[in-house]
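Biologist: Got a minute to walk me through this one? I'd like to start with how the pieces pack.

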Amino acid sequence: MAPRVILDDSYKLVVTLYIQSGLTSDDISTSLFNDFGINVSTRTIDRKLRSWNITRRTRTEESEALLSRIQVLFSNNGLSDEEMLRVLVREGFQ
C-alpha cells in the first residue's frame with residue numbers, strides 16, 4: 001500500500017469538483033488513489049475541506065414563499081424534515 005501523503009493546495013480544485021459531484025470523503029480518498037495514485041485518509045480530506053472553507057451544504061435563499069410552504073408542510077401536514085425536503089425539491093424550491 002502506498003504511504004499516506006499530505007493533501008496540498010494543488011488538489012483543492014480536484015477535491016472541490018469531487019464534492020460538487022456528491023462524493024463522500026471516503027469516495028474522494030478512493031478516487032484520489034485511483035486517479036492520481038495518492039493515498040489520503042478521510043480525516044485529512046475533512047480537515048483540508050475545513051481549512052479551504054469548502055462545505056457540502058447548499059445554501060438556500062430564504063423567501064416568503066419558501067417559509068410559508070415549510071410552515072404549511074410542518075403545521076398542517078406534520079411532515080418530517082426529510083419529507084418536507086422531498087416535497088420542496090419536487091416543487092422546485094432550491
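Modeller: Sure. One definition before the packing: the axes are lines fitted to C-alpha atoms, for helices over the stretch in contact, and the angles run from 0 to 180 degrees between N-to-C directions. Also keep in mind that this is a predicted model.

Biologist: Okay, so at what angle do helix 1 and helix 2 pack?

Modeller: Helix 1, residues 12-20, packs against helix 2 at about 130 degrees, and their axes are 11 Å apart. That makes the two helices oblique to each other.

Biologist: And which hand does the crossing of helix 1 and helix 2 have, left or right?

Modeller: Right-handed, as helix 1 passes helix 2.

Biologist: Which residues in helix 1 and helix 2 meet?

Modeller: From helix 1 you have Val14, Val15, Tyr18 and Ile19, and they meet Ile28, Ser31, Leu32, Asp35 and Phe36 in helix 2. Sorted by class, that contact has seven nonpolar residues, one polar and one charged.

Biologist: I don't see Leu17 in what you just read out. Is Leu17 buried or exposed?

Modeller: In between. Leu17 lies in helix 1, and with 45% relative accessibility Leu17 counts as partly exposed, because that class sits between buried, under 20%, and exposed, over 50%. Its C-alpha atom is 9.9 Å from the one of Ile28, and those two residues are eleven apart along the chain.

Biologist: Let me back up. How many helices and strands are there in the chain?

Modeller: Five helices and zero strands. Reading from the N terminus, the order is α-α-α-α-α.

Biologist: What share of the chain is buried?

Modeller: Of the 94 residues, 29% are buried. The chain exposes about 7100 Å², and 50% of that comes from carbon and sulfur atoms.

Biologist: And what about contacts over long stretches of sequence?

Modeller: If you take the contacts with a separation of 6 or more, residues 24 or more positions apart account for 50% of them.

Biologist: Next pair. How do helix 2 and helix 3 pack?

Modeller: Helix 2 covers residues 25-36 and helix 3 covers residues 42-51; the angle is about 110 degrees and the axes are 9 Å apart. So helix 2 and helix 3 are roughly perpendicular to each other.

Biologist: What meets what between helix 2 and helix 3?

Modeller: On the helix 2 side there are Ser25, Asp26, Ile28, Ser29 and Leu32, and they meet Thr42, Ile45, Asp46 and Leu49 in helix 3. The residues of this contact split into four nonpolar, three polar and two charged.

Biologist: Thr44 caught my eye. Where is Thr44 found, and how accessible is Thr44?

Modeller: Thr44 is found in helix 3. Its relative accessible area is 12%, so Thr44 is buried. C-alpha to C-alpha, Thr44 is 9.2 Å from Ser29, while the two are 15 residues apart in sequence.

Biologist: And Thr30, is that one buried or exposed?

Modeller: Thr30 is found in helix 2, and at 41% relative accessibility Thr30 counts as partly exposed. Thr30 and Thr42 are twelve residues apart along the chain, with 9.3 Å between their C-alpha atoms.

Biologist: Moving to the C-terminal end of the list: at what angle do helix 4 and helix 5 cross?

Modeller: Roughly 135 degrees, with the axes of helix 4, residues 64-75, and helix 5, residues 81-90, coming within 10 Å. That makes helix 4 oblique to helix 5. The crossing is right-handed here.

Biologist: Which residues are in the contact between helix 4 and helix 5?

Modeller: Leu66, Arg69, Ile70, Leu73 and Phe74 in helix 4 meet Met84, Val87 and Leu88 in helix 5. Counted by class, there are seven nonpolar residues, no polar ones and one charged.

Biologist: Last one. What's the story with Glu62, where does it sit?

Modeller: Glu62 sits in the loop between helix 3 and helix 4. Its relative accessibility is 62%, so Glu62 counts as exposed.

Biologist: And how many ångströms separate the C-alpha atoms of Glu62 and Gln94?

Modeller: Those C-alpha atoms are separated by 9.7 Å, and Glu62 and Gln94 are 32 residues apart along the chain.

How values were computed
Residues numbered from 1 in each chain as written. Predicted model: local features only at pLDDT ≥ 70, side-chain atom pairs only at ≥ 80, totals over all residues. Heavy atoms only, no water. Helix = DSSP H or I, 4+ residues; strand = E, 2+ residues; numbered from the N terminus. Buried < 20%, exposed > 50% of the residue type's maximum accessible area, 1.4 Å probe, protein only. Contact = heavy atoms within 4.5 Å. Areas by Shrake-Rupley, 256 points an atom, 1.4 Å probe, with all protein chains shown as cover. Parallel < 35°, antiparallel > 145°, perpendicular 65-115°, else oblique. Left-handed = near helix turned anticlockwise from the far one by under 90°. Nonpolar A, V, L, I, M, F, W, Y, C, P; charged D, E, K, R; others polar.
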